[in-house]
Amino acid sequence: MIIAVDGPTASGKGTVAKHLATRYGLKLLDTGTLYRAVGLAVLDAGGDPADEAAALAAARALDLDAIDQDRIRSSAAGTAASKVAAQPAVRAVLLKAQRDFAANPAGAVLDGRDIGTIICPDADVKLFVTASLEARTERRLKELRGRGETIDFETLKAQIEERDARDMGRADAPLRQAADAHLLDTTALNVEEATAAAFRIVDAAREV
Ligand code: CDP
């Protein structure tokens, strides 16, 4: 079974994907980590994530086993990720690693922006997880403050809006709900409720 989980930043898709992987005994790939790692590598080298040559070189040099899981979670890495992710050449380099992961005979859960549309268009179940801009800003604020980053609500909200616009507006693999994806709006749901709703969707889809 392949489960595709897509959605905008801080929608709760990562948490839902984690619980789905545990419940169904599947391996999980958070594909955002790949773009974050490439974005961070460009920043670390003193480059501009919007510079295509720098981003492509970083994507080609990416070592999946050497990704610093803590540093890639910073807001700077998130912004850099969405800049490198807008570049078709970078996406082409990262496509193979994602498809290889999904080819695992035991199945897999992948979460990102284009899993249901581009990476795994034949996934057995697709979820599109979303939430209001306010709810997403509140969640990301908590996460970033937990990391010691100081940022106010309005500044973060503007950053998230800008990232949404870049992810949805790019020409290559824009963020959008696949026609056959189930919509899961987590605005009014806590983690347990969102997870339970996702389980219901997947269980129902498996019965068909
Ligand atoms: O954690 P958060 O939802 O904020 O972001 P993420 O899933 O780690 O992804 C970071 C950025 O990578 C996104 O804003 C996208 O621009 C890009 N991305 C993408 O283009 N395609 C994917 N499959 C995953 C991430």
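**Close-up views of the ligand site and an aromatic pair**

**View 1. Residues around the ligand in the predicted model**. Of the 19 residues that surround the ligand, those that come nearest are Thr9, Arg36, Arg91, Arg163 and Asp167. Sorted by class, this shell is made up of 10 charged residues, five polar residues and four nonpolar residues.

**View 2. Polar side chains at the ligand.** The side chain of arginine 36 has an N or O atom that lies 2.6 Å from an oxygen atom of the ligand, and a distance of 2.6 Å likewise separates a ligand oxygen atom from an N or O atom in the side chain of aspartate 167. For aspartate 114, the side chain places an N or O atom 3.0 Å from a nitrogen atom of the ligand. On its own the ligand has 520 Å² of accessible area, and the protein covers 98% of this.

**View 3. The pocket and the helices around the ligand.** The ligand takes up the space of the largest pocket. Two or more residues of the shell around the ligand come from each of the elements α2 (32-44), α4 (75-84) and α8 (153-169), and α2 gives the most, with three residues.

**View 4. An edge-to-face aromatic pair**. When the whole structure is searched, one aromatic pair is found, and its members are tyrosine 24 and phenylalanine 199, whose rings are 6.2 Å apart from centre to centre, with 85 degrees between their planes. Tyrosine 24 belongs to helix α1 (residues 13-24) and phenylalanine 199 to helix α9 (residues 191-207), so that the pair links distant parts of the chain, 175 residues apart.

Notes
Residues are numbered from 1 along each chain as its sequence is written. This is a predicted model: local features need pLDDT of at least 70, side-chain atom pairs count only at pLDDT 80 or more; totals for chains, interfaces and linings use all residues. Side-chain values use heavy atoms; hydrogens and water are left out. A residue is near a molecule or strand if one of its heavy atoms lies within 4 Å of it. A polar contact is a pair of N or O atoms within 3.5 Å; within protein, one must be able to donate a hydrogen and the other to accept it, and residues adjacent in sequence count only if both atoms are side-chain atoms. Accessible areas come from the Shrake-Rupley method with a 1.4 Å probe; for residues, only the protein chains shown count as cover. On a 1 Å grid over the protein atoms alone, a cavity is a set of points where a 1.4 Å probe fits but cannot get out, and a pocket is an open set with protein on both sides within 12 Å along at least five of seven lines; lining residues have an atom within 4 Å of a point. A molecule sits in a cavity or pocket if more than half of its atoms lie within 2 Å of its grid points. Helices (H or I, at least four residues) and strands (E, at least two) are DSSP runs, numbered from the N terminus. Ala, Val, Leu, Ile, Met, Phe, Trp, Tyr, Cys and Pro count as nonpolar, Asp, Glu, Lys and Arg as charged, and the others, Gly among them, as polar. Rings of Phe, Tyr and Trp (its six-membered ring) pair if their centres lie within 6.5 Å; planes under 30 degrees apart count as stacked, over 60 as edge-to-face and the rest as tilted.
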